[in-house]
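Let's take a friendly walk through a model, one question at a time.

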Amino acid sequence: MGGFLGTRGDFIVDLVMTISGFLPFLLVFTFYLAVKGKYLLHKYMQITLFSIVVILVIALEWDVQFGKLAGISDQSPYAGTTELLIVFLVHLFFAVSSFFGWLWLIVKSFKRYPKDFDFNHKKWGKILFFGIVMMAVTGWLLYWMTFAA
Ligand code: HEM
């Protein structure tokens with residue numbers, strides 16, 4: 001199915017990009033909930049966002065393996081270039097580290113809550129936020145180089 005962002009991307013990759021564009025704002029909203037003392041909502045929204053990201057990554061992987069995405073990406077002027085490889089490696093670094101970091105923070109906090117945290121939850125939350133934003137930004141750059149340029 002064709003995409004809706006006006007690029008060569010298909011529906012799945014456009015959907016993933018759109019949601020990852022909203023992700024930083026949704027995360028900030030969950031932090032706001034925690035500031036307001038709405039910890040349960042904060043917790044469930046974190047788990048929901050993480051689950052959505054997992055589903056999106058699986059959908060994207062499926063699209064690359066079995067959809068037409070691999071063929072479309074060959075049409076990019078950046079295909080096979082060092083620039084694309086560097087952006088891809090930076091993206092991969094932030095994607096893998098934030099994915100496992102996010103999962104780790106959810107599991108550790110889930111086990112402890114509602115007892116007081118015995119680690120700096122807020123500090124790790126903010127470090128992870130930076131990682132997730134970098135994952136989204138480098139993902140968008142990769143998308144632009146592959147499907148729009
Ligand atoms: C699902 C499990 C989670 C539970 C039960 C939980 C619970 C809490 C609680 C009780 C607080 C207030 C106490 C404190 O600041 O130490 C808090 C604050 C915070 N949480 Fe979580 N959290 C969870 C997951 C996450 C994740 C995965 C992130 C980041 C990606 C995160 C980011 C934050 C931040 C940044 C604050 C501080 C907000 C502020 O006061 O500025 N939390 N959380």
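Two residues are in contact if their C-beta atoms, placed from the backbone, lie within 7 Å. This is a predicted model, where local features need pLDDT of at least 70 and side-chain atom pairs count only at pLDDT 80 or more, while totals for chains, interfaces and linings use all residues. Numbering runs from 1 along each chain as its sequence is written.

Q: Which pattern does the protein chain follow along the sequence?
A: Helices (H or I, at least four residues) and strands (E, at least two) are DSSP runs, numbered from the N terminus. The protein chain has five helices and zero strands. Read in order, the pattern is α-α-α-α-α.

Q: What percentage of contacts with a separation of 6 or more comes from residues 24 or more positions apart?
A: The C-alpha trace spans about 55 × 30 × 25 Å along its principal axes. Among contacts in the protein chain with a separation of 6 or more, the share from residues 24 or more positions apart is 72%.

Q: How far apart are the end C-alpha atoms of H4?
A: The expected span of a helix is 1.5 Å times one less than its number of residues. H4 has 31 residues, so the end C-alpha atoms should lie, and in the model do lie, this far apart: 45 Å.

Q: Which helices help cover the buried residues of H4?
A: A residue is buried if 20 or more other C-beta atoms lie within 10 Å of its own, exposed if 12 or fewer, and partly exposed in between, with C-beta atoms placed from the backbone. In H4, His91, Ala95, Ser98 and Trp102 are buried. What covers them includes H2 and H5.

Q: Where does H1 bend?
A: The bend at a residue is the angle between axes fitted to the seven residues ending there and the seven starting there. For H1 that angle is about 35°, and Pro24 follows within four residues of the bend. The bend is at Leu23.

Q: Which element gives the most to the largest nonpolar core?
A: A nonpolar core is a set of buried Ala, Val, Leu, Ile, Met, Phe, Trp, Tyr and Cys residues joined through C-beta atoms within 7 Å. The largest has eight residues: Leu27, Leu49, Val53, Ala95, Trp102, Ile132, Met135 and Ala136. H2, H4 and H5 each give two or more residues to this core. With three residues, the element that gives the most is H5.

Q: Which element gives the most to the shell around the ligand?
A: A residue is near the ligand if its C-beta atom, placed from the backbone, lies within 6 Å of it. The ligand is surrounded by 21 residues, and the closest are Ala34, Lys43, Ser109, Tyr113 and Gly125. Two or more shell residues come from each of H1, H2, H4 and H5. The most, six residues, come from H5.

Q: How many residues of the shell around the ligand are charged?
A: Ala, Val, Leu, Ile, Met, Phe, Trp, Tyr, Cys and Pro count as nonpolar, Asp, Glu, Lys and Arg as charged, and the others, Gly among them, as polar. The shell holds 13 nonpolar and five polar residues, and its number of charged residues is three.

Q: Is Asp10 buried, exposed or partly exposed?
A: Asp10 lies in the segment before H1, and its contacts include Asp63, Lys68 and Ile72. Because Asp10 has 18 C-beta neighbours inside 10 Å, it counts as partly exposed.

Terms used. Lists of a residue's contacts leave out its neighbours within four places in sequence.
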